[in-house]
Amino acid sequence: MPTPPLVVALAECFAAGHPSVEEMVVLASRSLGRRWRWLRPLAMRYVARFDRHSRPRRREAVRFLLRDELFADLRRKYARELRVENWIAAAPPSMQPAEAAAKWDIPAITTVGDLAQWLRFDAGKLQWLADLRGLACKGDARLGHYHYRAAIKRSGAIRLIEAPKQRLKAVQRHILEQILERIPTHPAAHGFVRGRSIRTFATPHVGKRVVLRMDVQDFFPTFSAGRIRAFFRTAGYPQSVADLLGGLCTNAVPPSAWKHLPLDLPGDRLWEARKLYQRPHLPQGAPSSPALANICAWRIDRRLARLAEAAGAAYTRYADDLAFSGDDRFESSVERFSLHVAAILLEEGFRANHRKTRIMRRGVRQYLTGMVANDRVNVVRPDFDRLKATLNNCVRRGPQNENRNGHTDFRAHLLGRVGFVESINPEKGNRLRRIFEQIQW
């Protein structure tokens with residue numbers, strides 16, 4: 001059934017991006033040729049409906065008007081008098097950020113042509129890369145924009161790494177450097193944030209009586225493409241530009257991709273993974289994904305930080321790892337507190353991985369993302385000893401005999417592990433580096 005012209009005309013006026021109710025009423029009055037008394041209440045209901053949300057699309061404005069019962073009654077009551085006298089021409093596209101985004105120092109891009117020029121692509125190639133119609137998901141994965149690599153976690157679930165190909169990766173890096181890195185993240189977020197690290201993530205929890213560690217299940221794939229596009233509209237980009245930016249930063253895994261992955265899984269597990277990844281989502285492996293996840297998790301971080309503050313606890317997050325800690329007051333309610341955290345995650349569209357929830361009191365090792373946080377931030381002793389033994393064996397027998405997991409660049413792998421220890425405990429890291437430098441490559 002076609003949408004009534006009256007609804008379309010009012011939707012154009014309401015979704016034009018004017019934040020003021022009065023401006024919306026003026027536009028609607030010009031369109032209808034008369035200032036109806038009910039226009040202001042209708043505009044106020046519209047503003048209340050979308051308050052604190054990203055700027056609505058025109059189709060969302062149409063849906064609101066069609067579902068507004070008072071407006072439906074008015075349309076029936078004044079059926080003979082209500083008509084569109086003037087079609088208001090759409091205003092030129094402009095940046096219209098939400099109030100919280102008004103101070104963000106991000107580039108103004110108002111048209112698809114401007115976006116193509118900014119990314120140094122023609123509009124056709126940009127549409128191909130963004131793939132808003134989902135054509136890549138229907139074809140051969142080898143012809144798409146991503147390489148896929150899968151691993152089976154200890155829990156039996158699948159972790160799928162979606163690495164963008166060179167051209168798309170360059171575009172995502174440009175978006176990251178010129179837009180995403182200029183947007184502030186919540187103070188509790190420590191993963192992939194300049195000036196913060198895994199060490200700053202663990203430091204607030206040192207010396208506490210109890211540490212609660214929780215994990216968010218399927219963190220990156222849970223961020224839908226709709227949520228990413230909504231963020232770009234909140235930042236102020238017009239709908240056409242926001243949709244393209246969202247498409248460039250999200251991916252839907254085609255069914256054919258799973259045929260080329262060496263996975264030995266039960267049918268139900270594989271079906272669940274395919275269902276999860278076939279919806280457009282943030283790909284784990286894209287350079288833009290961690291920053292987008294941090295930005296879009298602002299509301300979650302804010303709610304969890306307030307919950308922790310009310311319970312007398314500290315809160316930090318490193319990607320999908322959540323950490324809370326406190327003393328006597330927090331210790332007495334930590335079990336109930338973990339249920340509140342899980343409920344907040346569920347309300348925000350996420351799920352806690354309860355198998356990974358750990359309550360660690362002072363008498364046990366308080367383990368956070370590869371580190372111990374009991375008395376100071378330090379590396380885990382067994383992990384350090386294993387790495388030291390591997391390095392010594394490389395010196396004695398040669399590195400080719402120690403690469404049991406088949407790393408393509410074993411030297412870089414070991415160097416990265418040594419660098420991690422150095423960042424946590426420089427003294428231990430220096431000892432490992434001296435051994436590493438004796439290896440004959």
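**Figure 1. Contacts across the whole chain.** Start with the big picture: residues 24 or more positions apart make up 70% of the protein's contacts with a separation of 6 or more. What you're looking at is a predicted model, with 20 helices and 10 strands. Its C-alpha atoms fill a box of roughly 90 × 55 × 45 Å along the principal axes. The chain has 441 residues, and 46% of them count as buried. The accessible surface adds up to about 23800 Å², and carbon and sulfur atoms hold 50% of that. As for charge, there are 75 positive and 43 negative side chains, yet the centres of the two sets sit just 2 Å apart.

**Figure 2. W36 with Y78 on one side of the story and R34 on the other.** The protein has 22 aromatic pairs, and this view picks out one of them. The ring centres of W36 and Y78 are 5.0 Å apart with the planes at 55°, so this pair counts as tilted rather than edge-to-face, which would need over 60 degrees. W36 comes from the loop between α2 (21-32) and α3 (39-49), while Y78 comes from the loop between α5 (69-77) and α6 (112-119), so the pair ties together parts 42 residues apart in sequence. W36 itself is buried, at 7% relative accessibility. R34 joins in too: its charged end sits over the W36 ring, 3.9 Å from the centre.

**Figure 3. F192 and Y318, another tilted pair.** Here the ring centres are 6.0 Å apart and the planes meet at 40°, so this one is tilted as well. The two partners are 126 residues apart, and the pair links distant parts of the chain. F192 belongs to the loop between α8 (166-178) and α9 (198-202), and Y318 to strand β4 (residues 313-318). Buried or exposed, where does F192 fall? With a relative accessible area of 52%, F192 is exposed.

**Figure 4. An aromatic cluster, and a lysine over a ring.** One panel shows F14, Y46, F50 and F64, which together form one aromatic cluster. The other panel moves to K428, whose charged end sits over the ring of F384 at 5.1 Å from the ring centre.

**Figure 5. S29 in helix α2.** This serine is part of helix α2, and with a relative accessible area of 10% it is buried. Which residues does S29 contact, once neighbours within four places in sequence are left aside? They are R34, R35 and L39. R34 also turns up in Figure 2, where its charged end sits over the ring of W36.

**Figure 6. Helix α12, wrapped up by its surroundings.** Of the 11 residues in helix α12 (residues 239-249), 9 are buried, so the helix is largely enclosed by the rest of the structure. The buried set runs V241, A242, D243, L244, L245, G246, G247, L248 and C249. What covers these residues? The cover includes helices α6, α7 (123-130), α8, α11 (225-234) and α14 (289-296), plus strand β1 (146-152).

**Figure 7. N425 in a loop between two helices.** N425 is found in the loop between α19 (410-424) and α20 (426-436). At 7% relative accessibility, N425 counts as buried. Skipping its neighbours within four places in sequence, N425 is in contact with R376 and N378.

**Figure 8. Two positive phi values outside glycine.** Most residues other than glycine have a negative phi, which is the reason for a look at these two. D218 has a phi near 50° and is placed in the loop between β3 (210-217) and α10 (219-222). D218 is also buried, with a relative accessible area of 17%. T369 isn't a glycine either, but its phi is positive at about 40°. You'll find T369 in the loop between β8 (367-368) and β9 (371-372).

**Figure 9. R67 in helix α4.** R67 is a member of helix α4 (residues 58-67). Its relative accessible area is 66%, so this arginine is exposed, the cut-off being over 50%. For a sense of spacing, take A48 as a reference: R67 and A48 are 19 residues apart in sequence, and their C-alpha atoms are 15 Å apart in space.

Methods. Residues are numbered from 1 along each chain as its sequence is written. This is a predicted model: local features need pLDDT of at least 70, side-chain atom pairs count only at pLDDT 80 or more; totals for chains, interfaces and linings use all residues. Side-chain values use heavy atoms; hydrogens and water are left out. Helices (H or I, at least four residues) and strands (E, at least two) are DSSP runs, numbered from the N terminus. Buried means under 20% relative accessible area, exposed over 50%, partly exposed in between (1.4 Å probe, protein chains only). Contact means heavy atoms within 4.5 Å. Accessible areas come from the Shrake-Rupley method with a 1.4 Å probe; for residues, only the protein chains shown count as cover. Lys and Arg count as positive and Asp and Glu as negative; His and the chain ends are not counted. The place of a charge is taken as NZ of Lys, CZ of Arg, CG of Asp or CD of Glu. Rings of Phe, Tyr and Trp (its six-membered ring) pair if their centres lie within 6.5 Å; planes under 30 degrees apart count as stacked, over 60 as edge-to-face and the rest as tilted. A charge sits over a ring if NZ of Lys or CZ of Arg is within 6 Å of the ring centre and within 35 degrees of the ring normal.
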